[in-house]
Amino acid sequence: MSNSIQTVIDFNASTIEGSVSAMAPDRCVHGQPEQTLWNQYQDSSKQMLSGTWECTEGKWDADYSSKSEFCHILSGKVVLTDKDGQASSFAAGDSFVIPNGFIGTWEVIEPVRKLYVIVTPS
């Protein structure tokens, strides 16, 4: 692959259609969150994935035992709670990393839109 400007992925210029799906019922703690995903980029090794994600209110189990994720919240509010009950809230403008090994819950308090980069180690 060439290292030219044509290989740069501009999310704002993207014409990718969003993929809408319900959260898997066996993961839901409460609510029936619906998510829309725009996967903008995946590297050839399939270890890095990035794009935009939206979700409606709800709470579900989160298992990051095989990946890490960088998030930047564009709108809305979420709460991440670890398995010991410690929680952190994030809202529009906040950026954070969920490291490989995190086990807990995601809760969307207000409909959220985020940019994400997921890295799955080989």
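## Trp106 and the nonpolar core

Apart from neighbours within four places in sequence, Trp106 is in contact with Gly58, Lys59, Trp60, Ala62, Tyr64, Cys71, Val78, Val79, Leu80, Phe96, Ile98 and Lys114. The model is a predicted one. Trp106 also belongs to the largest nonpolar core, a group of 19 residues. Phe96, Ile98 and Trp106 are the members with the most contacts inside this core.

Five strands each supply at least two residues of this core: S4 (48-55), S5 (58-64), S6 (68-82), S8 (95-98) and S9 (102-119). Strand S9 gives the most, with 6 residues. As a general background, nonpolar side chains in soluble globular proteins tend to be buried together.

## Strands S3, S4 and S9

Strand S4 pairs with two strands described here. S3 and S4 run antiparallel and are joined by 7 bridges. S4 and S9 are also antiparallel, and they pair over 8 bridges.

Which residues stand opposite Thr52? Trp38 stands opposite Thr52 of S4, and Leu115 in S9 is opposite Thr52 as well. Thr52 is buried, because its relative accessible area is 5%, under the 20% limit. Not counting residues up to four places away in sequence, Thr52 touches Phe11, Thr36, Leu37, Trp38, Gln40, Arg113, Lys114, Leu115 and Tyr116.

Ser50 lies in strand S4 too. With a relative accessibility of 6%, Ser50 counts as buried. Beyond residues up to four places away in sequence, Ser50 touches Phe11, Trp38, Asn39, Gln40, Tyr41, Tyr116 and Val117. In a regular strand the side chains alternate between the two faces of the sheet.

## Two hairpins

S3 and S4 form a hairpin with 5 residues between them. Lys46 lies in the loop between these strands. What is the phi of Lys46? The angle is near 65°, a positive value in a residue other than glycine. Most residues other than glycine have a negative phi. Lys46 is exposed, because its relative accessible area is 60%, over the 50% limit.

S6 and S7 form another hairpin, with 4 residues between the strands. Gly85 in the turn has a positive phi of about 95°. The two strands pair in the antiparallel sense over 5 bridges. The bridge partner of Val79 in S7 is Ser89.

Ser88 is placed in strand S7, which covers residues 87-91. Is Ser88 buried, partly exposed or exposed? Ser88 counts as partly exposed, because its relative accessibility is 38%, a value between the 20% and 50% limits. Leaving aside neighbours within four places in sequence, Ser88 is in contact with Val78, Val79 and Leu80. Those three residues are also among the contacts of Trp106. Ser88 and Asp63 are 25 residues apart in sequence, and their C-alpha atoms are 16 Å apart in space.

## Salt bridges

How many salt bridges does the model contain? The count comes to 2. Side chains of opposite charge can pair when their charged atoms come close.

In one salt bridge, the side chains of Glu54 and Arg113 meet at 2.3 Å, N to O. Glu54 is in strand S4 and Arg113 is in strand S9, so the pair links distant parts of the chain, 59 residues apart. Glu54 is partly exposed, with a relative accessible area of 27%. Arg113 is also partly exposed, with a value of 30%.

The side chains of Glu69 and Lys114 meet in another salt bridge, at 2.6 Å, N to O. Glu69 lies in strand S6 and Lys114 in strand S9, so this pair ties together parts that are 45 residues apart in sequence. Both Glu69 and Lys114 are buried.

## The largest pocket

The largest pocket has a volume of about 330 Å³. Which residues of its lining lie nearest its centre? They are Gln35, Trp53, Lys67, Glu69 and Ile118, out of 17 lining residues. Strands S3 (34-42), S4, S5 and S9 are the elements that give two or more residues to this lining.

Glu69 appears in two parts of this report: it lies in the lining of the pocket, and its side chain meets Lys114 in a salt bridge.

Notes
Residues are numbered from 1 along each chain as its sequence is written. This is a predicted model: local features need pLDDT of at least 70, side-chain atom pairs count only at pLDDT 80 or more; totals for chains, interfaces and linings use all residues. Side-chain values use heavy atoms; hydrogens and water are left out. A nonpolar core is a set of buried Ala, Val, Leu, Ile, Met, Phe, Trp, Tyr and Cys residues joined through side-chain atoms within 4.5 Å. Buried means under 20% relative accessible area, exposed over 50%, partly exposed in between (1.4 Å probe, protein chains only). Contact means heavy atoms within 4.5 Å. Two strands pair if DSSP finds at least two bridges between them. A salt bridge is a side-chain nitrogen of Lys or Arg within 4 Å of a carboxyl oxygen of Asp or Glu. On a 1 Å grid over the protein atoms alone, a cavity is a set of points where a 1.4 Å probe fits but cannot get out, and a pocket is an open set with protein on both sides within 12 Å along at least five of seven lines; lining residues have an atom within 4 Å of a point. Grid points are joined across faces, edges and corners, and a volume is the space filled by probe spheres set on the points.
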